[in-house]
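Visitor: I have not looked at this structure before. Please show it to me, and I will ask how each label is earned.

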Amino acid sequence: MIPYGRQTIDEADIQAATEVLKSTHLTQGPKVPEFERAVTSFTDSEYAVACSSATAALHLACLALNVQAGDIVWTSAMTFLASANCARYCGATVDFVDIEETTGNLSVSCLQEKLAAAEKTGQLPKLVIPVHYTGNSCDMEQIKHLADKYGFFVVEDASHALGGAYQGKQVGSCQYSDMAVFSFHPVKMITTGEGGLITTNNPDLFAKLGLLRSHGVTKQPASFVKPNPEPWEYEQQHLGYNYRLTDLQAALGISQLQHLQAWVKQRRDIYYAYKAELADLPIEFLDQTKEAESSLHIAVIKVPASKRRELYDYLHANGIGCQVHYVPVYQQPYYQKLLGAGFSLPHTEKFYEQILTLPLFPALSKADQGQVIKTVREFF
Ligand SMILES: *Cc1c(COP(=O)(O)O)cnc(C)c1O
């Protein structure tokens, strides 16, 4: 089966992880801060906090903004569950903004309308989490404009988008957001096995994220509440978690990051080959946001809704592991219980019925891609 996505691991990656195994620190050593510096330098952001997953990172981002029961958080439903669950972990209410059918990203005009309505009923969100679907940045300048007007925080779910750019800057620069979150799950742009990371330019958020990642504990006597502590003491000042990344994983991340730009280029070549070779079929490709360059995490095509299931079955029967990203989050039983079974967003529904993800990853061979193209053509 040709998967829709998979990691690339080379000898240098294995070497990097092996060196940590032979060293004194498997965790809380020098590799995590080194990885964080490498990502801040790549994304041109001030601070980075590596975490055990993007899910943990999103949870920490919500906690750092003091999201709690009584607060409202909005995100897009065309995403992985974690973009919404993070707010639920904090007891907040989740609501979903409809998408643009051309990109699958949160629609700025739907956001604007929803904000105007929410202002009238006193239901404005504390936080909006735009998701850069497939690695194509949302229109962040417009979203930031609305954030300033209505007074909400912005956390980018950039799990797909490491290596993508917006207005000439890397996604994660946080030019128009409070924080951005990346995932290093094996299907994502680079991998640490499991892993995630938050970038921010805000020193207060950075300090809070660091504490919450590790039990809410500080080891700096200067910031202790208690005067004259014993030399062995540390202090828990908040209810934190163990959401740390290990040095083993960080070493892999540092090595993987060095491949990223070449991989984005390979993904682009594969993606444009699909576009060229399937151009005459009843298939649509997604648009890119103005001034954005996608990292092309996944190759999403749109086919007539009446054909989508048949095409999915045909490709699977022929050894091609296509997938659908995503069932709208509000269709999950957990969210139906919260929002009511009738909750529905028209653009999200229409988009969902047409989408299919074709295999796209740097190590996809020309022969395998040729097989995918041939099989899709045979179907039509
Ligand atoms: C993968 C993904 C996540 C969760 O990432 P993990 O590292 O697996 O926790 C969150 N949001 C989106 C959009 C994702 O694709």
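**The ligand and its surroundings**

Guide: The ligand sits in the second largest pocket. This is a predicted model, in which local features need pLDDT of at least 70 and side-chain atom pairs pLDDT 80 or more, while totals for chains, interfaces and linings use all residues. Residues are numbered from 1 along each chain as its sequence is written, and side-chain values use heavy atoms, without hydrogens and water.

Visitor: What makes a place a pocket, and when does a molecule sit in a pocket?

Guide: On a 1 Å grid over the protein atoms alone, a pocket is an open set of points with protein on both sides within 12 Å along at least five of seven lines. A molecule sits there if more than half of its atoms lie within 2 Å of the grid points. The ligand is therefore said to sit in the second largest pocket.

Visitor: Which residues come nearest to the ligand?

Guide: Thr55, Asp157, His160, Ser183 and Lys188, of the 15 residues around the ligand. A residue counts as near if one of its heavy atoms lies within 4 Å.

Visitor: What makes the approach of Thr55 to the ligand a polar contact?

Guide: A polar contact is a pair of N or O atoms within 3.5 Å. A polar side-chain atom of Thr55 lies 2.5 Å from a ligand oxygen atom, so the pair qualifies. For Asp157 the distance is 2.7 Å, to a nitrogen atom of the ligand. For an N or O atom in the side chain of His160 it is 2.9 Å, to an oxygen atom of the ligand.

**The chain**

Visitor: Why does the radius of gyration agree with a compact globule?

Guide: The rule, over C-alpha atoms, is 2.2 Å times the number of residues to the power 0.38. With 380 residues it gives a value near 21 Å, and the chain has 21 Å, so the two agree.

Visitor: What is the peptide bond from His325 to Tyr326, cis or trans?

Guide: That bond is cis, with omega near 10 degrees. Most peptide bonds are trans.

How values were computed:
A polar contact is a pair of N or O atoms within 3.5 Å; within protein, one must be able to donate a hydrogen and the other to accept it, and residues adjacent in sequence count only if both atoms are side-chain atoms. On a 1 Å grid over the protein atoms alone, a cavity is a set of points where a 1.4 Å probe fits but cannot get out, and a pocket is an open set with protein on both sides within 12 Å along at least five of seven lines; lining residues have an atom within 4 Å of a point.
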